[in-house]
Amino acid sequence: MKKASAINAGTRLLVQLFLLALVIVSIFPLYNVIVASLKSGDEFAVNPFFPPKSPISANFVYAAVNGRLLKYAVNSLILVPSGLVLYLAVCVSAGYAFGKMRFRLKRPLFLLVLFLTIFPQLLLATQVFKLISLLHLTNTGVGVIVTWVAYFSPFGTYIMTTYFTDMPYELVEAARMDGATPLRILVQVMTPLAMPMIATIAIIGFQSMWNELPFSLLILQNPAARTLTLGIAMMRGEYGIGVPTLSAALVIAMAVPLVMFLVFQRRVTLGATAGAIKG
Amino acid sequence: MRHRGLERDGIAPYLFLSPLLILLAAFILYPVIMNFVASFTEWKGYGAMKWIGLSNYHVMVSDQAFWTSISNTAILVCYIPVSTIVTVFVAALLREGLRGWQAYRAIFYIPNLLGPVIIGVVFSIYLRDDGSLNLLIKWAGGSTVRFLTSPSIAINSIGMVQVVWVHLGFGLIYFLAAMNGIDQGVYEAALIDGAGFFQTLWRVTVPSIRFAIEFWVVFNFIEVFARMFSYIYTLTRGGPGYGTFTLEYGIFVQGFEKFRVGYSSAWSAVLFIFCAVISVMQIRLMRTRNS
């Protein structure tokens, strides 16, 4: 369908040029990283902008092996999916309770959850660190997973709540008539119906945990336990790492989010607005 | 309709909520409350707390780093209108159905995908004194701009990168979705009346997406007050000096680098108040929209 437009054909061309320029400005830093990752230190010194004359893979090998990014990627690929399973269980069950069940403290508890969604990690960090040490969970995967799930589930719960609230109540009623227990209704009736939104919060949760820095920085102090995100953040400050090596490390770290985007593009963009726009 | 409020589901809802509530109590509620307690003590983060009354607050209000953190936050807040205007404007252009608008939307979204740490490190390379952007500036005949190493410029670099550049992609998806809900007939009527692009934008589009803009501004406030640490850590490490401190970063340095946890808790108390106000604003917006 053609939209009504206040822009005529001549102006359209100008607008296209403007947007193209904006894209170039916006993408140039990323382009820079990609070409730098394929150059030797010597070539980078004389040719910082243009594609390499003879692309090399040495930077990637160095970043993955000596820079231990491979190890960190494995850590992330273990921690984040495990955290995600826990996160989904917490958000779906709490979202269902808020969205479809009736109980006295519903309103105050839901407001509390909303209120607690935005506090920054650093505001909580010193006390969380004390708690984690008390439980002997520093430098452990469990420590960082539990912290992530606690920190990110209020938002996931909020999204699941809005979704369950909009589902017809008759579904619950019918299942209850058949004598199903609340747990059965949640697991066998509501969860399958909520799959589209569960997939959306799964992506939100994955991105949140994958990119999380402050808690992992404080809890995972043993270098061998680092996540990929933490590894990249620490590598930046290391003495003597050249731009080509650091760039190769960045390209490796970009791989997972970019592949995710290409595979789940529609759902990723839906997830981006899930918290703000309903339906 | 039945009166749903009359019967309740007994204990089951509390059981379903218990994992969430236990985690929240331990990892968010307890830390927030304990921060206030700790802010009246001298404490290293371990060992005994020594009660010192309001001393931490006295030290804080005469600490130059604290006021720099506050003014840096104020500078970042100034980038919110910039980001809002740029984003709504570009979204309105894309709404016109230009060829390739979906590709533009996807490309601008990439920074959001990569996350703060990758973006921060990418720009820490790009904006160095001898980085690509400065090479370009020199090539064009300018002189080196110390994007990350001059205290007055560095916080603005962070504002441009995070508040404007990163948010553009998210904002485009968000505002385009909101604009999609506007009745096409209104635009056709405006066109027949001879309204130009800017007039239509100002008279039709902006009023129709007012709610979305309000949400967007609150979201940006959250980002500025509560989601800045990863960018600062990767771009400047708070430097030069404490030139790019925000409250978050100051808490990190005082609490985890200098082990003055009692003192950092006083900063946390201030940050809590800002965040609580923003959180309440957000909840009120949600409720006005849902009703």
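**Exercise 1. Helix α12 of chain A**

Task: In this predicted model, determine which elements cover the buried residues of α12(A), and decide whether the helix is largely enclosed or not.

Solution: Begin with the surroundings: the elements that cover the buried residues of α12(A) include α4 (69-100), α10, α11 (214-219) and α13 of chain A, and from chain B they include α4 and α10. Next, list the buried residues themselves, which are Leu228(A), Thr229(A), Leu230(A), Gly231(A), Ile232(A), Ala233(A), Met235(A) and Arg236(A). Finally, set this list against the length of the helix: eight of the 10 residues of α12(A), residues 228-237, are buried, and therefore the helix is largely enclosed by the rest of the structure.

**Exercise 2. The nonpolar core**

Task: Identify the residues that touch the most other members of the largest nonpolar core, and explain why this core lies between the two domains of chain A.

Solution: The core holds 159 residues, and those touching the most other members are Val149(A), Ile232(A), Ala249(A), Leu250(A), Ile118(B), Leu172(B) and Phe175(B). As for its position, domain 1 (9-56) and domain 2 (61-274) of chain A both contribute residues to the core, so it lies between them. One of the residues just named, Leu172(B), can then be followed further: when neighbours within four places in sequence are left aside, Leu172(B) is in contact with Thr87(B), Val90(B), Ala91(B), Leu94(B), Arg105(B) and Phe108(B).

**Exercise 3. The two domains of chain A**

Task: Describe how domain 1 of chain A meets domain 2 of chain A, giving the residues in contact on each side.

Solution: Chain A is divided into domain 1 (9-56) and domain 2 (61-274), and the C-alpha centres of these two domains lie 33 Å apart. At their contact, eight residues of domain 1 of chain A meet seven residues of domain 2 of chain A. On the domain 1 side, α1 and α2 of chain A each supply at least two residues, and the largest share, four residues, comes from α1(A). By residue type, the side of domain 1 that touches domain 2 divides into four nonpolar, three polar and one charged.

**Exercise 4. Two further helices of chain A**

Task: Work out where α1(A) bends, and which elements cover the buried residues of α1(A) and of α14(A).

Solution: Helix α1(A) runs over residues 9-37, has 29 residues and reaches 41 Å from its first C-alpha to its last, close to the 42 Å expected. A bend of about 45° occurs at Ile27(A), and a proline, Pro29(A), follows within four residues. Pro29(A) is itself among the buried residues of the helix, together with Leu19(A), Asn32(A), Val33(A), Ala36(A) and Ser37(A). Their cover includes α2 (41-46), α3 (58-66) and α13 (243-263) of chain A, along with α3 (64-95), α4 (101-126) and α5 (132-139) of chain B.

For α14(A), residues 265-274, the buried residues are Val268(A), Thr269(A), Gly271(A), Ala272(A) and Ala274(A). Here the cover includes α7 (141-166), α10 (195-210) and α13 of chain A, with α4 and α6 (151-180) of chain B.

**Exercise 5. Chain B and its contact with chain A**

Task: Summarise the make-up of chain B from its helices and strands, and characterise the side that touches chain A by residue type.

Solution: Chain B has 12 helices and two strands, which follow one another from the N terminus as α-β-β-α-α-α-α-α-α-α-α-α-α-α. Its C-alpha atoms fill a box of roughly 75 × 75 × 30 Å along the principal axes, and of its 291 residues 44% are buried. Turning to the partner, 83 residues of chain B are in contact with 78 residues of chain A. The chain B side of this contact divides into 57 nonpolar, 18 polar and eight charged residues.

**Exercise 6. Two residues of chain B**

Task: Classify Thr244(B) as buried or exposed, and do likewise for Ile33(B) from its C-beta neighbours.

Solution: Thr244(B) sits in the loop between α10 (229-235) and α11 (247-257) of chain B. A residue counts as buried when 20 or more other C-beta atoms lie within 10 Å of its own; Thr244(B) has 28 and is therefore buried. Not counting residues up to four places away in sequence, Thr244(B) touches Asn72(B), Ala154(B), Ile155(B), Ile158(B), Ile232(B), Thr236(B), Gly238(B) and Gly239(B).

Ile33(B), by contrast, belongs to helix α1 (residues 12-38) of chain B. With 13 C-beta neighbours inside 10 Å, Ile33(B) counts as partly exposed.

Technical notes
Residues numbered from 1 in each chain as written. Chains lettered and ligands numbered in written order. Predicted model: local features only at pLDDT ≥ 70, side-chain atom pairs only at ≥ 80, totals over all residues. Expected span 1.5 Å × (residues − 1). Bend = angle between axes of the 7 residues up to and from the residue. Buried ≥ 20, exposed ≤ 12 C-beta atoms within 10 Å, placed from the backbone. Nonpolar A, V, L, I, M, F, W, Y, C, P; charged D, E, K, R; others polar. Core = buried A, V, L, I, M, F, W, Y, C linked by C-beta atoms within 7 Å. Domains from an automatic or database assignment.
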